[in-house]
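Reader: I'd like to learn how to read the inside of a protein model. Could you walk me through one?

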Amino acid sequence: MKSLRDLLVAPSGTKLTDRDPEASPLAPGSKDKTLRGLAKDGAELAALQECLYAEGKGGGTRSVLLVLQGMDASGKDGVVKHVIGQVNPAGVRLTSFGKPTKSELAHDFLWRINRALPPAGYLGIFNRSHYEDVLVVKVHKWAPAREITRRYRAINEWEAGLVTSGTTVVKCLLHMSPEQQRRRLEARLDDPTKHWKWNTDDLDERLLWPDYMAAYQAALDKCSTDVAPWFVVPSDRKWYRNWAIGRLLLETMREMKPQWPDPGLDVPALKARLESDGVR
Ligand code: AMP
Ligand code: MG
């Protein structure tokens, strides 16, 4: 059977416009069934993550980095809550990237990214990422074109180095239609408990939709590599998006086959000591 990774991967040359944001390839069924599938996968994911964490504590050097990119309201926060929320937070390193601070801007764009990498054994999550530096920055022309071109190469080299040093990189583009974004922004306005999320600037960014899609397309063209490919996740349906990203992580971690470390305990001797220590 085909893996979800095979179906969602977007090798260089993939046209974003050929991907349907409402699609639901390989979903276990309709909404309810797929939600149950997410919970089932979540239990397995949690077990694998615990094992990877143990492997790291035992001297292993491997880790996983999930990169979440998408337009406003595409569901990056929802994935953190519903997918990553299923695993032990002790083994998770979550970083949300907003507008760079003054001190971050004084460094190369990868400086703040490097500082957020998952330690060995961890599942790192980037809610937005180094890709903002070739997305929002490109759309607004905050850097010259030749700098953007340099960044694509810098990103590829940096990601290849990460992979070589044991970090598996899973890059997800939460692919949503502009109609769906409008519905979600409207729903935000209709719900006072969502007003804290509201940012009127998002309406200005929305006007730049075609420019953003061109920038995402360029990021796919330039930075979907064999060692760190992009996955385009249909995200108009939240339940499918959450299931799919959980499944992409699950397939990735199954393939990694994390191993319990063996510290070589002398179990009988330790038990004997425990039984005879007199502490009752
Ligand atoms: P939110 O994800 O809603 O908290 O918004 C974060 C904002 O920070 C978005 O508007 C991003 O486009 C912006 N942002 C993130 N990274 C960068 C960057 N490297 N340069 C400029 N803006 C950024
Ligand atoms: Mg926002």
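Reader: Which residues touch the most other members of the largest nonpolar core?

Author: The general idea is that in soluble globular proteins, nonpolar side chains tend to be buried together. This is a predicted model, and its largest nonpolar core has 39 residues. Those touching the most other members are Val-67, Phe-126, Tyr-131, Trp-158, Leu-173, Leu-220 and Trp-230.

Reader: Which elements give two or more residues to this core?

Author: On the strand side, look at E2 (63-70), E5 (167-175) and E6 (230-234). The helices are H6 (136-139), H7 (145-164) and H10 (209-223). H10 supplies the largest share, 8 residues. Apart from this core there's another, of 32 residues, including Leu-45, Leu-174, Trp-239 and Leu-248.

Reader: OK, on to the sheet. In what order do the strands run?

Author: Generally, strands of a sheet pair through backbone hydrogen bonds, either parallel or antiparallel. Here, 6 strands make an open sheet with mixed pairing, and the order is E1-E6-E5-E2-E4-E3. At the edges sit E1 (9-10) and E3 (92-96), each of which pairs on one side only.

Reader: In which sense do E5 and E6 pair?

Author: They're parallel, over 5 bridges. You can pick out one partnership by eye: Leu-173 has Val-232 in E6 as its bridge partner. Leu-173 is also one of the core residues that touch the most other members.

Reader: Now the gaps. How many cavities of 30 Å³ or more does a search of the whole structure find?

Author: The trick is that rolling a probe the size of a water molecule over the atoms shows where empty space is left. In this model, the search turns up 2 cavities of that size. The largest has a volume of about 50 Å³, and the second largest about 30 Å³.

Reader: What lines the largest cavity?

Author: You'll find Leu-16, Met-71, Leu-173, Leu-174, His-175, Met-176, Met-213 and Tyr-216 around it. E5 and H10 each give two or more residues to that lining, with E5 giving the most, 3 residues. By class, the lining has 7 nonpolar residues, 1 polar and no charged.

Reader: And which residues line the second largest cavity?

Author: That lining is Leu-135, Leu-173, Tyr-216, Ala-219, Leu-220 and Trp-230. H10 provides its largest share, 3 residues. The class count is 6 nonpolar, no polar and no charged. If you want a residue to keep in view, try Leu-173: it lines the largest cavity and the second largest cavity too.

Note on methods:
Residues are numbered from 1 along each chain as its sequence is written. Chains are lettered from A and ligands numbered from 1 in the order in which they are written. This is a predicted model: local features need pLDDT of at least 70, side-chain atom pairs count only at pLDDT 80 or more; totals for chains, interfaces and linings use all residues. Side-chain values use heavy atoms; hydrogens and water are left out. A nonpolar core is a set of buried Ala, Val, Leu, Ile, Met, Phe, Trp, Tyr and Cys residues joined through side-chain atoms within 4.5 Å. Buried means under 20% relative accessible area, exposed over 50%, partly exposed in between (1.4 Å probe, protein chains only). Helices (H or I, at least four residues) and strands (E, at least two) are DSSP runs, numbered from the N terminus. Two strands pair if DSSP finds at least two bridges between them. On a 1 Å grid over the protein atoms alone, a cavity is a set of points where a 1.4 Å probe fits but cannot get out, and a pocket is an open set with protein on both sides within 12 Å along at least five of seven lines; lining residues have an atom within 4 Å of a point. Grid points are joined across faces, edges and corners, and a volume is the space filled by probe spheres set on the points. Ala, Val, Leu, Ile, Met, Phe, Trp, Tyr, Cys and Pro count as nonpolar, Asp, Glu, Lys and Arg as charged, and the others, Gly among them, as polar.
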